[in-house]
Amino acid sequence: RPHEVSRRKEDIMRDLENMLQGLGEENKKAEQEGSAMTELEKKRILAKTMEKIEQEKISENVQQKSNRWKVAGKVAAAALAVVLVGTAGTKAAAALGLDSSIRNFFGIQTQEETKNAEKLISTPQATAADNGTTISTSQVIGDHTRLYAVLKAKNLPDVPGELEFQDVSLSVKGDKGETYDYTFAEPKVSGVDGDTMTFTLLVSGINKDGNDVDINGKNIEMTLKNAGYKNAKGKFVTVKKGSWNLNWTFHTEADVTTKEVNKNISLLDAKATWKDIRISPLSVTVDYQITKSGKAHMSEKQWNKLEKTQRVVVQFADGTREDSRFCDDVNEEWGDETNPGYRRIGFKKVIESKDVVSVTFGGQTVVLNPDVKLAARTKLSSKAANCSVALPKEVAKLISVKEKKNVKNADFKQKESYAIFMAKKNGAKMPFFTIHKIKGQYSPEQVEKKNDMMTYVDSRGGYTYTIEYGEIQDEKQAKEFTDILNTYISNVLPYFEVLK
């Protein structure tokens with residue numbers, strides 16, 4: 001498989017300087033021949049490139065997990081050179097003051113996306129100082145169910161590992177001081193600028209005894225204690241003692257669109273009534289009421305047969321999907337005959353309700369925007385890897401599936417079968433992705449530890465399924481495949497199914 005090439009900021013800048021002149025001539029020639037990149041292609045490439053360069057601003061001392069989607073630094077520089085002229089979406093975001101961490105996390109590219117995101121931004125300006133270090137809330141983006149906060153810390157020392165806090169406590173409180181439960185990802189470093197370090201955190205799944213809570217106007221209080229890092233032995237090493245308490249009231253202007261459904265559905269082996277769909281700019285929630293409970297336990301075979309019914313799948317007008325199987329932020333309350341239940345997908349993008357074509361849940365699909373005609377998709381299957389994926393016809397026709405059965409995987413030291421989805425266009429050739437079916441059942445964390453280029457997909461029948469994305473290696477591949485990769489291949493998993 002291709003190896004990831006680590007490039008520091010100066011390498012990318014040097015590549016950009018070396019390639020700009022030649023690439024500009026190539027793009028000029030393409031324009032003359034009528035084959036220049038579209039504005040949409042330019043914007044997508046620019047967004048990916050700016051995201052990569054933004055990551056390069058992080059201190060060498062900060063070890064940040066790289067994205068699954070990897071583009072070599074040289075190609076990123078080439079892409080940037082192509083689109084620097086005539087594309088101002090990301091620049092507009094910066095000019096309007098949207099923090100780059102929010103822009104990167106939610107993939108905000110255009111002026112319209114920036115405008116929609118800014119409606120959801122609040123600047124609470126809670127600040128705490130201790131032992132020469134000041135920490136403040138810079139910007140918070142959120143809807144009525146979740147929030148993503150950006151913290152700025154001044155005068156924290158450099159560390160040989162990833163800087164974190166020894167203790168983080170958070171409380172979300174109601175109007176009468178009642179506390180709520182939540183799902184919380186502790187603050188992570190997302191950037192360094194001089195003596196200012198940026199941290200981000202996501203809070204979601206906020207509820208009171210399982211009941212959904214509207215967090216607009218609610219109090220958020222967070223205390224951070226002792227900054228430091230974990231050494232090679234996993235022991236926390238304090239580099240700055242202190243306690244920083246941040247307290248603010250969360251506000252959002254997010255609009256929520258509710259669509260009444262009232263359909264009888266099956267959820268695993270239970271029966272339910274799907275009551276409605278709630279669409280906000282950052283999430284989709286399905287509300288339901290259990291009418292007949294199922295078994296408390298079921299076998300793996302039964303689960304594999306029925307799990308599709310509890311998926312939430314959101315289809316967007318641009319052809320992309322969000323599938324609860326592959327979303328990082330999924331919250332739910334199962335409920336029973338007395339208490340209502342819900343499932344929610346939190347997005348890493350800002351949406352509008354008109355963008356949602358349909359929502360699937362309980363094995364049924366509710367169409368919300370019938371006027372949108374989605375591109376027809378072709379299902380590509382592999383018997384060796386025991387799976388299928390569906391891609392737009394125009395993309396599928398570029399791909400041939402190369403299979404291998406019962407070979408040894410060096411990372412897992414187990415037998416595997418795999419399928420390489422190889423693309424060819426105008427003389428350029430590259431593997432879009434590879435699906436591995438590996439003997440043994442591994443958790444997502446175990447998969448990442450054994451091979452950090454792989455993403456866990458599924459585990460069933462004594463096998464683990466993973467995906468490994470291809471990497472752009474040269475300008476020819478970049479020219480032919482960048483837009484396809486960013487538009488379709490990066491969103492291929494919601495179209496993945498195990499055959500049997």
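1. A definition to start with, since the pairings below lean on it: two strands count as paired if DSSP finds at least two bridges between them. Also keep in mind that this is a predicted model.

2. With that in hand, take the five-stranded sheet. The sheet is open, its strands come in the order β22-β23-β24-β26-β25, and the pairing is antiparallel. At the edges you'll find β22 (399–409) and β25 (454–460); each has a single partner strand, so one side of each is left without a neighbour in the sheet. Going from one strand to the next, the twist averages 20°.

3. Zooming in on one pair there: β23 (residues 414–425) and β24 (residues 428–439) run antiparallel and are joined by 10 bridges. If you want a spot to click on, try Ile420, which has Thr434 of β24 standing opposite. As general background, strands of a sheet pair through backbone hydrogen bonds, either parallel or antiparallel.

4. What lies across β23 and β24? That would be helix α10 (residues 475–487), which runs at about 55° to β24.

5. Now for the other sheet worth a look. This one is open too, with three strands in the order β5-β9-β10 and antiparallel pairing. Its edge strands are β5 (164–173) and β10 (236–249), each pairing on one side only. Here the twist from one strand to the next averages 10°.

6. Within that sheet, β9 (residues 219–230) runs antiparallel to β10, and 11 bridges join the two. One pairing to check on screen is Gly228, whose bridge partner in β10 is Thr238.

7. Is Thr133 buried or exposed? Thr133 sits in strand β3 (residues 133–142), and its relative accessible area is 1%. The cut-off for buried is under 20%, so Thr133 counts as buried. Setting aside neighbours within four places in sequence, Thr133 is in contact with Ala128, Lys154, Asn155, Leu156, Lys240 and Trp244.

8. Last, helix α6 (residues 111–118). Its buried residues are Thr114, Asn116 and Ala117. Looking down the axis of α6, you see these buried residues fall within an arc of 165°, so they line one face of the helix. For orientation, an α-helix has 3.6 residues a turn, so residues three or four places apart point the same way.

Note on methods. Residues are numbered from 1 along each chain as its sequence is written. This is a predicted model: local features need pLDDT of at least 70, side-chain atom pairs count only at pLDDT 80 or more; totals for chains, interfaces and linings use all residues. Side-chain values use heavy atoms; hydrogens and water are left out. Helices (H or I, at least four residues) and strands (E, at least two) are DSSP runs, numbered from the N terminus. Axes are lines fitted to C-alpha atoms, for helices over the stretch in contact, and angles run from 0 to 180 degrees between N-to-C directions. Buried means under 20% relative accessible area, exposed over 50%, partly exposed in between (1.4 Å probe, protein chains only). Contact means heavy atoms within 4.5 Å. The arc is that of the directions from the helix axis to the C-beta atoms.
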